[in-house]
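This report covers one protein chain, shown next. It goes from the whole chain to selected parts.

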Amino acid sequence: MTSDFPFLTRSEFGNCIEEFERAYGAVVDVEVRQSRGSHTYLSIHKPLFLGQNNDDAVDSDIEDVEDADPAHLDTVCPTLEYGRIEYHVVYSASWRVPVLYVRVHTNAGVEMDCTRVTDMLVTDSKVRGAMDAVEFGGALGIQDHPELNEPFMYLHPCHTATLLRAVAPARGAEIGQRNYISSWLSLTGAAVGLFLPSIPH
């Protein structure tokens, strides 16, 4: 349980991300990392199909890019372009909730801008409309990652507490530390193309 649901202390956040890593570590590329400032955050990586890099490209035999080894994608089908999405779940001391940071690179190491990432990852028009409706320029913005001091896109946390309160009564009780991050990501992840697989219980 948390001491003040839906809000978290930094210690509770650390427990929540460790629980998530234990639960999803076998099916998602995920790890708990420690920053230079000794704070922990959660890192999730996914390969991403970006499109064909020329007009003569042939169809790929790879049906599910997420299951493919990103190190070998260029050799399997060199006419297709791939990248990598980094998702970081970071604690916000101001909001007392997790914040989702996102960065996308091509395999050549080129970082993609916010507009292209939004166009690729936010394909549902209802989700896009809801994101655009958030005050101060929309739900997806750019700021320095608080643990790495590098620019990342991030989902503004202003509605996180409201979202979590809304789903807790449906479950009959507060969301505990074991399911906090997975519940939160099931609500927010779709906005940036992060969908969690089912895990065996």
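## Contacts and surface

In the chain, 60% of the contacts (heavy atoms within 4.5 Å) with a separation of 6 or more come from residues 24 or more positions apart. Of the 201 residues, 45% count as buried, that is, under 20% relative accessible area with a 1.4 Å probe, protein chains only. The exposed surface of the chain is about 10900 Å², of which carbon and sulfur atoms supply 49%; accessible areas come from the Shrake-Rupley method with a 1.4 Å probe.

## Basis and confidence

The model is predicted: local features need pLDDT of at least 70 and side-chain atom pairs count only at pLDDT 80 or more, while totals for chains, interfaces and linings use all residues. Residues are numbered from 1 along each chain as its sequence is written, and side-chain values use heavy atoms, with hydrogens and water left out.

The average pLDDT (the predictor's confidence in each residue, from 0 to 100) of the chain is 81, and 76% of the residues score at least 70. Among the elements of the chain, H1 has the highest mean, 97, and helix H2 (residues 73–76) the lowest, 53. Over residues 55–64 the pLDDT is below 50, and this stretch has 13 contacts in the model beyond near neighbours in sequence. Where pLDDT is low, the predicted coordinates should not be read in detail.

## Secondary structure

The chain has 6 helices and 6 strands. Helices (H or I, at least four residues) and strands (E, at least two) are DSSP runs, numbered from the N terminus. Their pattern along the sequence is α-β-β-α-β-β-α-α-β-β-α-α.

## Packing of H1 and H6

Helix H1 (residues 10–24) packs with helix H6 (residues 180–188) at an angle of about 80°, the axes being 7 Å apart. H1 is therefore roughly perpendicular to H6, a label for angles of 65 to 115 degrees. H1 contributes Phe-13, Cys-16, Ile-17, Phe-20 and Tyr-24 to the contact, and H6 contributes Tyr-180, Ile-181, Ser-182 and Leu-185.

## Two buried residues

Val-90 is placed in strand E3 (residues 80–92) and counts as buried because its relative accessibility is 1%. Leaving out residues up to four places away in sequence, Val-90 touches Phe-13, Tyr-41, Val-97, Pro-98, Val-99, Tyr-101, His-145, Pro-146 and Glu-147. The C-alpha atoms of Val-90 and Glu-147 are separated by 8.0 Å, with the two residues 57 residues apart along the chain.

Thr-160, in helix H5 (residues 160–171), counts as buried at 5% relative accessibility. With the sequence neighbours up to four places away not counted, Thr-160 touches Val-97, Pro-98 and Trp-184.

Key: Buried means under 20% relative accessible area, exposed over 50%, partly exposed in between (1.4 Å probe, protein chains only). Axes are lines fitted to C-alpha atoms, for helices over the stretch in contact, and angles run from 0 to 180 degrees between N-to-C directions. Angles under 35 degrees count as roughly parallel, over 145 as roughly antiparallel, 65 to 115 as roughly perpendicular and the rest as oblique.
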